[in-house]
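These are my notebook entries on one structure. I set down what I looked up and what I found.

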Amino acid sequence: MRRAAALAAVLVVAGACGGPPPPAAAPALRLALTERSPVGARLVLVDEHGDRWAVLGRGALDDRDEQAAFSPDGRWLAFVSTRGRGDRGTSLWVMPAGVGATAVRLTDGTGTDVDPTWTADGRAVVFARRRDAWFELWQVEVRGADAGLAVGTPRQLSAGRGHRVSPSVSADGDIAYQEIDRGVSRIAILGRDGATVFATDGPADVTPAWRPGTAALAFARRTPRGGLDLWLLEGDGAARSLAELPDTDDSGPRWSRDGRWLFATATSRDPDDDFAAVVYLDAADPAAPPRMLRDRVGAIPRQGPAPAAVDLDARALAAGPAFTPAVAEARRERARERERARERAAAADRLADAGVDGAL
């Protein structure tokens, strides 16, 4: 209704003036996420209702743009992309945080680069890079100015056996990350002094994220019943479950700037189902149900939520649809769409058999 009313008002003014309407102002950035397509993936801007407002940083149709991360001052958006790489891996890119901005490459394409996260001062991006057998933690300095972007030379932060991925940098500069070695995945912390401690014992703890203003970490844990659920590791080392959703694996948590809202990606546990959606929790109200960030046009496959460095609309988020029934409705929608696709294909076959050219 909000977009429809705004469009109607523009059309009335245009008709009265006898000319084309002025260009609409670019919407403020609220949340960025990735929407998948059959051939690629793109970053889009959505609001707290889940409605898409714009596409961010358009690449080629078959490019995959994902894993967005806003700088702490809100000026820049780093992300992972296959641009210029094809099937040869991914690089980091960065662009001004605005609709219609041009993205520039942040890393040189000599490795497979993933999982960007900014340092608290906004002067560097920490990420995971694989050049040989293992993913390791790296850092690249990024200095923004009105004249452009200055990018430093990436430097390696870790080394050793196993993968080190999914970094998250605290306000004090400690880097929480996921270490995978010999089939065990644990949450580790690389301190500013270079020492590493393990915050969890595993065996399947993944994707940590520091809660702003605290020593707590959100992460995902595979529980005995087989699913990935969202957990919170308090500063005293105590871990507690935040949400247990029956049909999805939930990971990649990201906090809003004020530490109230926790967003994550939910994917189907059924290997034959490519369902993906953004789930979020209200940490200020533990009794509130997990909710889905759902566009009013339908449940579009979405992942990798990134809250902007702004105060989000709490009223709109609190009114979002409860996640479990929203997932059920999304699956019904997809079933109806698959049935319509089968009917269109059958109709096309009948026309072809009858010798009628053309497509429906």
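The entries below go from a sheet to its aromatic rings and then to charges over rings.

**Entry 1: the sheet.** I noted at the outset that I was working from a predicted model. I looked up an open sheet of four strands and read its order as β21-β22-β23-β24, with antiparallel pairing. I then asked which strands are the edge strands. They are β21, residues 248-255, and β24, residues 291-292, and each of them pairs on one side only.

**Entry 2: β21 against β22.** I looked up how many bridges join β21 to β22. There are six, and strand β22, residues 261-268, runs antiparallel to β21. For threonine 248 I found the bridge partner in β22 to be serine 268. As a general reminder to myself, strands of a sheet pair through backbone hydrogen bonds, in either a parallel or an antiparallel manner.

**Entry 3: aromatic pairs.** I searched the whole structure for aromatic pairs and obtained two. One is formed by tryptophan 261 and tyrosine 280, with 6.1 Å centre to centre and 65 degrees between the planes, and is edge-to-face. This pair links distant parts of the chain, since tryptophan 261 lies in strand β22 and tyrosine 280 in strand β23, residues 276-282, 19 residues apart.

I next asked whether these two residues are buried or exposed. Tryptophan 261 has a relative accessible area of 2% and is therefore buried. Tyrosine 280 has a relative accessible area of 1%, so tyrosine 280 is buried as well.

I then recorded the pair of phenylalanine 263 and tyrosine 280. The ring centres are 5.5 Å apart and the planes stand at 35 degrees, so I entered this pair as tilted. It also links distant parts of the chain: phenylalanine 263 is in strand β22, tyrosine 280 is in strand β23, and they are 17 residues apart. Phenylalanine 263 counts as buried because its relative accessibility is 0%, and the cut-off for buried is under 20%. Taken through their ring pairs, Trp261, Phe263 and Tyr280 are linked into a cluster.

**Entry 4: charges over rings.** I asked which ring the charged end of arginine 83 sits over. It is the ring of tryptophan 93, and the charged end is 5.5 Å from the ring centre. I made a further entry for arginine 186, whose charged end sits over the ring of phenylalanine 198, 3.5 Å from its centre.

Key. Residues numbered from 1 in each chain as written. Predicted model: local features only at pLDDT ≥ 70, side-chain atom pairs only at ≥ 80, totals over all residues. Heavy atoms only, no water. Pairing = 2+ DSSP bridges. Helix = DSSP H or I, 4+ residues; strand = E, 2+ residues; numbered from the N terminus. Phe/Tyr/Trp six-rings, centres within 6.5 Å; stacked < 30°, edge-to-face > 60°. Buried < 20%, exposed > 50% of the residue type's maximum accessible area, 1.4 Å probe, protein only. Lys NZ or Arg CZ within 6 Å of the ring centre and 35° of its normal.
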